[in-house]
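Colleague: Please choose one part of this model for a close look, and then follow the discussion outward to the other parts of the fold that deserve a careful reading.

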Amino acid sequence: MIELAEARRVLLAACPRPEPVRLDSAGADGCVLAADVIAPANVPPFDNSSVDGYAVRAVDVAGAAESSPVRLHVLGSVLAGSVAGRPVGEGQAWKVMTGAPLPEGADAVVMVERTSATRTRQLGTAGDLVEVLSGVAAGAGVRRAGSDVRAGELVLAAGTVLRPAHLGVLASVGAEQVQGYRRLRVGVLVTGDELVTGGAELRPGQIYESNRAMLLALLVRANCEPVDLGVAGDDVAGLHELLSSALRRCDAVLTCGGVSMGDSDPVRAVLDQFGGLNWLQVAIRPAKPFAFGVLPGPSGPVPVLGLPGNPVSALVSFELLARPALRQMMGHPDPYGCTVLGIADAPLPRPHGDGRTAFLRVSCRFGPDGRLHVRPVAGQDSHQLSASAAATGLAEVPDGRRVEAGDELPVHLLS
Ligand code: AMP
Ligand code: MG
């Protein structure tokens, strides 16, 4: 057996490093930037009003109050997207809407609520007189050019994992495309003669296939493009054909099933035919068996990751091994994601004394103390997927450690 950390190290060292490509910014949610994005221009590009109101010279309205309003001559209205036709002079104002460029000559905007326009709802036409009911400091009600992003400034650094707000930022600086790492096309090939799909009636010895939908959905959440390679029986020729075609279509392939130790399993036989596969016994529970190799595809090396077939093992294997490998292949600066400290609210099942670190499926919640609390889900066997479905974390318990209620332990959060 090898430790998880070592298995991960060998796996990640073998996986190819991604090449940066041009990505359309708008569709790049979840992708990683490969290069810094520098702002070509100021955001906002011009001084503009942050409120609906009147653009004024602060000096003109310095003494304004409810009891002694200051009257200004309105020059007209400026909407967002248009510009004032002439500068504001002494005793004058433009009515401005939020986002309208600040007219020349004005240095502040009095919000409409502090004027007589609140009463009339008009006073936006040239020739109107508006009463200002309080003074404003110069700069009030104005968003300065470059106050969000300055021209030449670093907007987003290489290595940023793009989230929706980042896509907004990129759009705001006019970066239609960015250098980044594309989503991987990842195939899922599920194996087993006993597996039935499509709701057909089960014959003796058969079970419904459960891992394909789970793995495809996990891939979507991992920002990959899943490729459903179907369910293969345990026949060598068919499997060989399916895997060969997968290598032509995918950047990486997940197989599921048939990787157990001492198995005369055909999956293993097929993978061995391709050569270069590593058969690992990882010192974790569940998901001890794991296979991987990097096979030649027409457009580059294709990692093939062999996950165990027991549904909970497949899930845990994906989280602890496949996901980090895929993240690294998509340029993530931190392939392993986040592990946090949680507090056990109940004793965790007792260790097995088999030299393996347990990754117990736990449900997580934040307590009133603001900390993460965990409870084991009922049913920790590797076939009990229904119990594990309730889990939102994997609590890491080294072999031999007893965890009592109140103890702290590392928890790997499930996405
Ligand atoms: P294997 O890893 O192929 O030796 O399978 C281990 C256990 O997981 C066996 O009980 C299989 O029937 C079961 N199993 C394998 N693949 C799947 C699957 N896709 N869906 C449900 N159970 C599976
Ligand atoms: Mg099998």
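## Close look at a loop residue

Modeller: In this predicted model, Asn223 counts as buried, because its relative accessibility of 15% lies under the 20% cut-off. Asn223 sits in the loop that runs between helix 4 (211-221) and strand 16 (225-232), and its backbone has a phi near 65°, a positive value in a residue other than glycine. The side chain of Asn223 is engaged in a polar contact with the side chain of Arg183, at 2.8 Å. When residues up to four places away in sequence are left aside, Asn223 touches Asp29, Gly30, Cys31, Arg183 and Met330, and Arg183 is thus named both as a touching residue and as the partner in the polar contact.

A second residue invites a reading alongside Asn223. Ala287 also carries a positive phi, of about 75°, although it is not a glycine, and it is found in the loop between strand 19 and strand 20. Ala287 counts as buried, because its relative accessibility of 3% is under 20%. The loop that holds Ala287 also holds Pro286, which lies between strand 19 and strand 20 (289-297). The peptide bond leading from Arg285 into Pro286 is cis, with omega near 0°. Another cis peptide bond joins Val43 to Pro44, with omega near -10°, and Pro44 is placed in the loop between strand 3 (37-38) and strand 4 (48-49).

Strand 19 leads on to the sheet around strand 23. Strand 19 (residues 284-285) runs parallel to strand 23 (residues 357-366), to which 2 bridges join it, and within this pairing Ile284 stands opposite Thr357. Strand 23 is also paired in the antiparallel sense with strand 25 (residues 393-397), over 5 bridges, with Val362 opposite Gly393 of strand 25. A further antiparallel pairing, again over 5 bridges, links strand 23 with strand 24 (residues 372-376), where Ser363 faces Arg375 across the pair. Strand 23 and strand 24 make a hairpin with 5 residues between them, and Gly370, in the turn, has a positive phi of about 80°. In a regular strand, side chains alternate between the two faces of the sheet.

Beyond strand 25, Gly400 lies in the loop that leads to strand 26 (408-413). Gly400 is exposed, because its relative accessible area of 59% is over the 50% cut-off. The C-alpha atom of Gly400 is 7.4 Å from that of His352, although these residues are 48 residues apart along the chain.

The interior can be examined last. The structure holds 1 cavity of 30 Å³ or more, and the largest cavity contains about 40 Å³ of space. Its lining consists of Leu189, Thr191, Leu239, Leu243, Thr255, Val267, Val270 and Leu271; by class, the lining has 6 nonpolar and 2 polar residues, with no charged residues. Strand 13 (185-191), helix 5 (236-249) and helix 6 (266-274) each supply at least two of the lining residues, and helix 6 gives the most, with 3 residues.

Methods
Residues numbered from 1 in each chain as written. Chains lettered and ligands numbered in written order. Predicted model: local features only at pLDDT ≥ 70, side-chain atom pairs only at ≥ 80, totals over all residues. Heavy atoms only, no water. 1 Å grid on protein atoms, 1.4 Å probe; cavity = no way out; pocket = protein on both sides within 12 Å on 5 of 7 lines; lining within 4 Å. Points joined across faces, edges and corners; volume = space filled by probe spheres on them. Helix = DSSP H or I, 4+ residues; strand = E, 2+ residues; numbered from the N terminus. Nonpolar A, V, L, I, M, F, W, Y, C, P; charged D, E, K, R; others polar. Buried < 20%, exposed > 50% of the residue type's maximum accessible area, 1.4 Å probe, protein only. Polar contact = N/O pair within 3.5 Å; in protein donor to acceptor, adjacent residues only side chain to side chain. Contact = heavy atoms within 4.5 Å. Pairing = 2+ DSSP bridges.
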